[in-house]
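The request below asks for a close look at one part of a model, and the answer then places that part in its surroundings.

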Amino acid sequence: MLDSRPPLLELQDITKSFGGVTALRGVDFTLRPGEIHGLVGENGAGKSTLMKIIAGVHTGFSGRFLLDGREVHFNSTRDARAAGIAMVHQELSVAPDLTVAENVFLGNQPTNALGLVQWRRMAREAAEQLKRLGIDADPMSRLGDLPIGVQQLIEIARVLFSGARIIILDEPTSALSPPEVERLFAALRKLREQGTGIIFISHFIEDILLISDEVTVFRNGRKIMETPAADTSKAALIEAMIGKGRDALEDSYTHDITLPAPPLDKPVVVEADGLSLARNLKRVSFAVRAGEVLGVYGFMGCGQLELARILFGKLAPDAGELRISGERNRFKSTADARRAGIAFVPESRRDMLFMQEPVYKNISISILDRINAVLLKPSRERALAKRQVEQLQIRPADVEIDLGLLSGGNQQKVALAKWLSHPPRLLVLCEPTRGMDVGAKSDVIGIVRQLRDQGIAVIVLSTEPETVLSLADRVIVLKRGEVVREFAGETISKDRLLEAA
Amino acid sequence: MAHGETVPMPEAQPRRNGGVASVLRSQMRNIAPFLTLIFLTAFFAIASPSFATLDNVGNILTQVSVTGIIAVGLTFVILCAEIDLSIAAIANVTGIAVAYFTLQDSYVNIANVPMPGFVAILLALALCALLGAVNAFGLTVIGIPSFIMTLAMMQIAAGISAMLVRGQIAYKVPPLITTLGSGSIAGVPWIVIVAALMLLLGHLVLTYTRFGRYVYMVGGNREAAEYSGLNVKLILGSVMVISAVCSGIGGMLGVAHFGSAQQNEFDTYLLDSIAAVVVGGTSLFGGRGGIGNTIVGLFVLGVLNNGLDHVNIDSFLKILIRGLILLAALVINVYAQRLRAKAAD
């Protein structure tokens with residue numbers, strides 16, 4: 001599959017430090033034309049740093065950077081783009097108020113001799129490109145009105161069809177449903193045939209093995225292993241990534257799981273009865289008991305985000321009611337929901353954390369009214385935060401630094417920590433392990449189990465079957481806003497879950 | 001914990017905000033206005049012998065007092081990443097209202113409703129609080145952006161002012177207001193003391209109370225505040241009322257200070273108050289800054305306005321210079337935000 005032409009991209013002995021911390025140590029990396037190169041490693045292993053060097057984001061580093069065999073120096077992302085390098089970042093960066101077509105051609109709209117945008121041509125070409133990714137969206141509709149998964153595909157489309165010779169995809173599949181992933185892979189394979197070099201970063205090892213020709217593993221800023229994808233396995237890659245086996249976690253992904261019998265002796269904490277919301281939810285009913293984790297599984301756009309927001313008082317249902325400990329509740333605000341003992345972690349950490357504030361203020365924000373009536377007590381806040389940081393093993397263990405300086409997995413732990421110093425009655429978690437490395441994932445799973453054992457009712461909503469399987473005691477499957485299946489006290493596997501959705 | 005051991009990963013540890021350069025960068029928002037103040041003070045002290053005198057320091061303090069009182073409330077609003085354009089109009093209408101409820105001399109041709117002094121003050125305070133509550137209602141319940149909502153309120157308050165005085169000028173205000181606005185104690189004008197106390201109170205509330213923390217958090221990331229279970233609408237509504245009440249107090253004392261209550265008396269205070277807050281370094285994007293910044297901003301404006309009077313300069317050029325200084329401050333404000341975001345990247 002690989003040809004003998006000179007490599008598209010060759011990095012030699014790259015070292016990069018931030019302040020006193022070395023993020024990359026003497027890394028070599030090669031990308032050939034027509035190669036899909038998978039990149040795996042835990043958060044903070046150096047993958048993103050390397051990619052940012054390639055994309056011209058980081059300009060100061062030591063080592064040689066060769067493009068088509070010639071040494072180059074990028075001063076900015078603009079230089080990289082001019083050299084044919086394009087990157088899709090993990091975080092969605094689209095313009096929701098512009099049309100689909102404008103987003104596909106962002107910064108690159110076709111114009112006529114007068115410099116005016118050729119709308120009709122743009123719409124036609126956008127529709128063609130999107131069809132190749134299997135997206136059947138009206139090119140003139142507002143992008144923000146489409147589901148997140150589709151928005152992500154459109155962002156990817158923008159880069160895939162930009163004519164770049166080197167394409168970097170950072171966690172492109174995390175918000176996509178399996179059929180969407182399939183279509184993305186088909187498009188990538190077509191680009192590979194045309195000689196494009198693709199770097200594919202993902203936490204989904206199966207995806208990496210499925211699509212990549214070559215796989216490179218990073219750990220602690222070093223390249224640990226490089227191997228053809230055909231010659232390795234998920235277990236081998238995970239072991240290389242984290243340096244030791246994590247059998248228990250692996251089990252929960254691949255084997256059948258027997259769900260426990262529902263704890264009928266425990267009181268019902270939350271009861272949803274016929275919740276409906278516009279086109280998003282139709283008569284959704286369920287009950288969760290104390291000490292039980294209810295998993296809500298479904299593809300992107302199945303209504304789980306809306307359901308979670310109803311539970312936390314952010315959205316009001318059109319019909320149906322919500323009972324907390326038997327008491328009918330109509331939340332007017334998220335503050336009402338919090339006072340009723342409900343805790344909520346949204347799917348995006350950015351929506352839940354204060355990046356420019358110190359860790360301790362992030363942890364204390366939801367319980368400030370319990371530690372003080374009017375005046376703040378910073379020493380108590382810090383003590384509470386320190387205890388949480390210790391218990392959840394948040395690194396670095398410093399409550400004074402700005403939250404934005406923590407890695408993604410540690411930020412997610414902070415998002416949990418803020419609800420834990422005064423345990424809630426019901427914890428609603430959206431995508432609690434999305435985009436996290438294996439170690440942080442198993443930490444979060446441990447924390448949630450611990451909370452359940454303390455008698456807290458937990459609802460986990462996710463589009464990743466692994467997440468639901470590794471956490472839930474009982475699972476409901478949502479499809480187009482309706483509960484189509486419930487799994488309780490029986491044996492369940494990823495296949496059966498996917499089948500039900 | 002699912003596994004009792006963490007892998008020691010120095011690479012996973014983000015770098016700290018180490019190094020003098022990095023501290024300077026992240027503190028630029030606070031340092032730049034202060035340097036501006038020192039520079040301006042030094043410049044005028046050298047350029048004019050009459051500038052750096054004790055008397056003139058008193059002048060500057062008095063000159064910035066009304067702006068200072070109004071800017072206290074505005075600081076809360078801007079910290080929440082909102083804006084209040086009705087401050088000057090509310091100051092004006094409150095000042096006129098307190099005169100309207102006071103017995104005027106017979107030659108003042110206003111059909112007013114005289115009340116005992118404390119009632120007049122309470123009614124005026126109730127009026128500005130009510131107007132602030134209308135701002136709050138429009139912003140939080142109806143969902144009108146504060147920029148537009150307070151623009152409408154600016155007109156409404158100006159309209160009420162016009163209806164009350166009908167082009168006339170009132171001179172009398174309750175004795176308490178007269179004392180606080182134009183009296184002094186031991187040589188210190190009461191209005192300076194009131195401004196200082198209100199700035200202090202604002203600082204204490206922002207720094208040491210739960211409400212103050214919520215203001216910063218709502219300004220820092222409104223969505224996160226909501227998902228943390230804060231009552232964001234209540235907090236936004238409160239800052240709009242606080243801003244209106246501070247403006248009202250500034251307006252009442254201002255009327256006593258100027259010696260008259262009339263239409264359009266406070267027009268320049270809108271720009272001055274916003275300028276004081278922003279020049280001081282409080283972020284227009286919310287969540288950063290505070291009363292300390294506002295005080296520095298007040299002095300920058302005060303020194304500038306006062307100093308330009310001491311040097312021989314074209315009075316029309318003065319206006320241009322003020323505009324340029326404001327522009328420079330805005331550039332620094334936006335730039336500081338970017339540097340800070342970079343430092344945390």
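What follows is one request and one connected answer.

Q: Please take a close look at strand 14 (residues 293-297) of chain A: how many of its five residues are buried, and which way do they point?

A: This is a predicted model, in which local features need pLDDT of at least 70 and side-chain atom pairs count only at pLDDT 80 or more, while totals for chains, interfaces and linings use all residues. Residues are numbered from 1 along each chain as its sequence is written, with chains lettered from A and ligands numbered from 1 in the order in which they are written.

Helices (H or I, at least four residues) and strands (E, at least two) are DSSP runs numbered from the N terminus. A residue is buried if 20 or more other C-beta atoms, placed from the backbone, lie within 10 Å of its own, exposed if 12 or fewer do, and partly exposed in between. By this rule five of the five residues of strand 14 of chain A are buried, so the strand is largely enclosed by the rest of the structure.

In a regular strand the side chains alternate between the two faces of the sheet. Here A:Val293, A:Gly295 and A:Tyr297 point one way, whereas A:Leu294 and A:Val296 point the other way, and all are buried.

Two strands pair if DSSP finds at least two bridges between them. Strand 14 of chain A runs parallel to strand 19 (residues 457-462) of chain A, to which five bridges join it, and within that pairing A:Gly295 has A:Val460 as its bridge partner. Strand 14 of chain A also pairs in the parallel sense with strand 20 (residues 474-479) of chain A, over four bridges, and there A:Leu294 stands opposite A:Arg474.

Moving outward, an automatic or database domain assignment supplies the domain bounds, and it divides chain A into domain 1 (9-245), domain 2 (246-341 + 425-501) and domain 3 (355-423). The C-alpha centres of domain 1 and domain 2 of chain A are 32 Å apart. As a whole, chain A has 18 helices and 22 strands, and 50% of its 501 residues count as buried. Its C-alpha atoms fill a box of roughly 70 × 55 × 50 Å along the principal axes. The radius of gyration is taken over C-alpha atoms, and the globule rule is 2.2 Å times the number of residues to the power 0.38; for 501 residues a compact globule would have a value near 23 Å, and the 24 Å of chain A agrees with this.

Another pairing in chain A makes a useful contrast: strand 9 (residues 214-219) and strand 10 (residues 222-228) of chain A run antiparallel and are joined by six bridges. In that pairing A:Glu214 has A:Pro228 as its bridge partner. These two strands form a hairpin with two residues between them, and A:Asn220 in the turn has a positive phi of about 50°. A:Glu171 likewise has a positive phi, near 50°, in a residue other than glycine, and it lies in the loop between strand 7 (166-170) and helix 6 (178-193) of chain A. Because 21 C-beta neighbours lie inside 10 Å, A:Glu171 counts as buried.

Chain B, by comparison, has 14 helices and two strands, and buried residues make up 50% of its 345 residues. An unreviewed UniProt entry lists transmembrane regions in chain B, including residues 141-165 and 230-254; positions from UniProt are given in the numbering used here, feature names are shortened, and annotations may be inferred rather than shown by experiment. The end C-alpha atoms of residues 141-165 of chain B lie 32 Å apart, and that span is 88% helix and 0% strand. For residues 230-254 of chain B the corresponding distance is 36 Å, with 92% helix and 0% strand. After helix 3 of chain B comes B:Ala81, with a positive phi of about 65°, in the loop between helix 3 and helix 4 (87-100) of chain B. With 18 C-beta neighbours inside 10 Å, B:Ala81 counts as partly exposed.
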